[in-house]
Amino acid sequence: MIVPFDQYQRYKHASELIDAVRESNSTYSILEVGANEHKNLERFLPNDKITYLDIVVPDKFKGDSAYIQGDATEMPLANEQFDFIISLDVFEHIPQSKRISFLDELRRVSRFGFILAAPFNTEGVSESENRANTYFKTLYGYEYPWLEEHVTNGLPDKDVVSEYFKSKDWNHYNFSHGSLEIWEKMTKLHFLAAGREALYDFRFTIDEYYNNHIYSSDYNGSCYRNFFFVTKPNKSEMIEQVARLITQREKYEIGQSRIDELNSLERDINNLSSFQLINTEINHKNNKLEEKKSELERLELKIKESSAQLELEDKNLQLQQKNGEIVGYIQLVENLTRINEDLQSQINEMAKIHGELEVDNEILNQNMLQLDICVTEQLEYIHKLEHVSQELRLKNRMKKVVPKKIRIYLKRNKAIFQALKKNPALAKKTIREIRKNGFRAANNKIHSKMTSTEATSSYKEENFNYLNVEQIKSEIAELAYKPLVSIVMPVYNVDPIWLKLAIKSVEEQIYESWELCIVDDCSTSEHTRSFLRKIDNPKIILKMLETNQGISGATNEAVSLANGEYIALLDNDDEITKDAIFEVVKAINESDADILYSDEDKIDTEGNRKYPFHKPDWSPDLLRSQMYIGHFLVFKKTLFNSIGGFRKEFDGSQDYDLMLRLSEIAKRIHHIPKVLYSWRELETSTALNPHSKPYAHHAGLKALNEHLIRVFGEGNAHADESEYLFVFDSRYNVGSNKASIIIPTKDHIELLEACVTSILEKTDYDNYEIIIINNNSIEEKTFKWFDSQRDNPKIKIVDANYDFNWSKLNNHGIREATGDVFVFLNNDTQVISKDWLLRLLEKAIRSDVGTVGGLLLYEDNTIQHAGVVIGLGGWADHIFKGMQPNHYGSPFVSPMLTRNVIASTGACLAISKNTINKIGMFNEDFIICGSDVEISLRAIQNGLYNIYDPYVVLCHLESKSRDSYIPPIDFEMSQLHYGPYLKKGDPYFNKNLDLNSLKPMLRQGD
């Protein structure tokens, strides 16, 4: 919600103070004194019972039981009638003679205490108000009434109020907020926009910026407003709780970058104001022009008196028009001649290209022959090696003689050669890929395809002949909510074979409350149009467009036909399972979701289903990497209409653009972990050929960049292309934030030195410090190296001479750190990617982010860490461990995509200071392992997202500096904190995947 900054200062504090002293989930009765014409308090404290008292009740609230009319100095209320009373910027408007009575009434009517906020006569307040009042008078010709009333009544004396509370033995805590400089700036901006609707939206933008980025640090220097939190004598603990909250806040200062941005916004609104004044002047000039126009009309009447002359002029005009038409015809003939010449040139060029294609085809055939010979030779060579090793019984000895890299190469590529030999079509694609993108890209694609094929080899679609239809119908009968679901299908020149199967899959739905809205986008294929005209089903609504509108326009037309509360998207050549709509409606009843999506698979032209994609639950950072939502996508029609539907300029990635915009306003997004949709593999479809629609990739990037601007603001985030098609790299502005890299260590100086050297030599972000936590080192060479680093301003060495406790050591580092983001790093890691630190920082500083981890590789370049999954291996482990860092799409998300995870390893983990202040430090009840996962879970419980970034790449020589012993307490603590997720599953994994395999594999049943 956007609230003017000065109201936000008051009401946000009131809600934070109440929440700070709230006992468990207690609901309080609260009276606000002087609420006037708004009900802001209930927006900030929605779960409490709010009542309002004012000396005059606004007409629109007369009859509202929540409003009481009365004098705040003589309230018509019983003693202790409300738990708390809140008075915000009312005290200064009460005459001085009645102020003590007002304070007495606040105390009498409150059960626990009250909050008093107002501008007092502290240093600089009167002067700042006078300047603001003068500014208002200069703009509008009269003084601002409320500020003028401050002068009439006199601002209250803070010391007098404080002494009065002391004399009555009332517990109280006083603090000030709202820098005078910023208050005056913001107030003047509000005055500037007053009465000018054209400036309202931008004024709201400035308010929102202050509320989100400045408010929580605006406690230093001379402040405009003072707050008193006052309690009864038996509630002194509440004072302590409030003091802790405010004392922590007062430690932080507003960063210069925040002030610079606010100044920039101030300049912008001043420019807009000037522009509006210029428009006013233009309107004045236009009025003058209208007067001149009237004069001209009078002159024209005089001219008409010379009728003979006018007739002559008319004849001349007609002659000129005829001449113009003749010239136009001549130009048309010339243009047609040029077009004919261009067409002939294009025909010649096509003939030339045709000839080149024939040559390329011949070269391709020759390459195929050479590849076949090469494959045969490789297989024969491998066979000979195996034969010789068996004969001489030297196979084990050969492993010592033949270098490991060669053995790995032979083993890995034998499978590739065999696959190419068995599949000529794959061989042709491989040659094309090599020629287009190089051998490495082709090699990665083959490995990815083989990985997906191996991981999903046991996949079989559910056999619906054995589906208990009667059981599903019984469940449908028990559903409390049975909405009509409108399935929308745009059609364009699709083969009737696939269209028939798509429609059949809808007609076979077990859940019967559906309709199918088909819009033909002016297909040029008579086969398609003829098939559509023959459809005879009262639940199918058909519309044939007379002009082609593109897929976005056609889908919008289909939605306009829909009568259902929910809209489901179905492509004209795909299929849904018989229980698809049932599963969706069942999930709606359970979750009341705005948006729902399911798992999916692919279906070939023979009807074979393969390559299932089992998705995680809602993962916003994964969506900012790839349109992983895909199919089956269902959403509320009201939500769709509220954002204006599909946008034509994003055709090709219209679903991606729509999902990004829907996600910005949806209250709940629900994932159904079941394959409900099959994506048809056709040469014209990206299901089989991602390169079939290259324009879609660029449209997707454009949609994502617009989303990032809407969510994070102009200049704060952007997206780049990656090396993979339809995969994007979202980046965020890091500002001037400092990183504190915390490295616990004990001896093993060769590891620590390599780690620190890699940071110093490879990191391309310079604003960082390295804090080495020395935990009981004893070796002389360790201390020699420490001594050699004493003069390096980036390195700080801190002794921690107590028993090893990973959590305690890192908490020690936090207390020594001066950075805005803490990066916890093992001493057996080495930096690979230069921008690793920048990427960790830019995500960690986001206000919605808890922890950030990266891609850690073993020395053999296989994956050591690409995100943690709870339940993997019984407790928690690293998914993708031991696999090649390749991009693939089945049966789970690729390890090369940025995504949300439940946790990341503490071997490389970034957490901002703001997040630590919000969720707390590492749990020191854990000794060796588990607290990295536990703090990530705590972040999730506080509404934050944890992120894995595959572009943050380090080498990890896992646990070379410590043994593998894990104390029993770590298992006990893990059971305590992981327990709920062990039962219900990791939301960022998928229940259809095997928890006994570090490589994503299909689950084989219980």
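Which residues line the largest cavity? Let's start there. This is a predicted model, so keep that in mind as I talk.

The lining is made of V488, P490, I551, T555, L569, L570, D571, F646, Q654 and D655. Look at the numbers. They come from several parts of the chain. Three elements each supply at least two of these residues: strand 8 (485–491), helix 19 (550–561) and helix 23 (654–665). Now the chemistry. The lining has 6 nonpolar residues, 2 polar and 2 charged. The volume of this cavity is about 70 Å³.

How many cavities of 30 Å³ or more does a search of the whole structure find? The search finds 2. So let's visit the other one.

The second largest cavity has a volume of about 40 Å³. Its lining consists of D621, R624, S625, F728, D729, S730, Y732, K843 and T898. Which strand gives the most to that lining? Strand 18, residues 728–732, with 4 residues. Here the classes run to 2 nonpolar, 3 polar and 4 charged residues. Put the two side by side on your screen. The largest cavity has 6 nonpolar residues in its lining. The second largest has 2.

Step back to the whole chain. There are 1006 residues, and 49% of them are buried. The chain has 31 helices and 30 strands. Take the contacts between residues at least 6 apart in sequence. Of these, 77% join residues at least 24 apart.

Now three single residues. Find each one in the structure as I go.

First up, T745. This residue sits in strand 19, residues 739–745. Is T745 buried or exposed? Buried, because its relative accessibility is 2%, and the cut-off for buried is under 20%. Its side chain makes a polar contact with the side chain of N827, at 3.0 Å. N827 is also on the contact list of T745, beyond four places in sequence. The others on that list are L752, I772, I773, N774, N775, S777 and F786.

Next, S678. Look in strand 16, residues 669–680. S678 has 1% relative accessibility, so S678 counts as buried too. Which side chain does the side chain of S678 meet in a polar contact? That of R609, at 2.7 Å. Beyond four places in sequence, S678 touches R609 along with D574, E575, D601 and I603.

Last, R244. This one lies in helix 9, residues 236–249. Why is R244 called exposed? Because its relative accessible area is 56%, and exposed means over 50%. Now find A20. R244 and A20 are 224 residues apart along the chain. Yet their C-alpha atoms are separated by 9.2 Å.

A word on confidence before I stop. The mean pLDDT of the chain is 85. Residues at 70 or more make up 79% of the chain. Where does pLDDT stay under 50? One stretch is residues 404–412. There the model has 7 contacts beyond four places in sequence. Another stretch is residues 686–692, where pLDDT also stays under 50. That one has 21 such contacts in the model.

To recap. The search finds 2 cavities of 30 Å³ or more. T745 is buried, S678 is buried, and R244 is exposed. That's my tour.

Key:
Residues numbered from 1 in each chain as written. Predicted model: local features only at pLDDT ≥ 70, side-chain atom pairs only at ≥ 80, totals over all residues. Heavy atoms only, no water. pLDDT = per-residue confidence, 0-100. Contact = heavy atoms within 4.5 Å. 1 Å grid on protein atoms, 1.4 Å probe; cavity = no way out; pocket = protein on both sides within 12 Å on 5 of 7 lines; lining within 4 Å. Points joined across faces, edges and corners; volume = space filled by probe spheres on them. Helix = DSSP H or I, 4+ residues; strand = E, 2+ residues; numbered from the N terminus. Nonpolar A, V, L, I, M, F, W, Y, C, P; charged D, E, K, R; others polar. Buried < 20%, exposed > 50% of the residue type's maximum accessible area, 1.4 Å probe, protein only. Polar contact = N/O pair within 3.5 Å; in protein donor to acceptor, adjacent residues only side chain to side chain.
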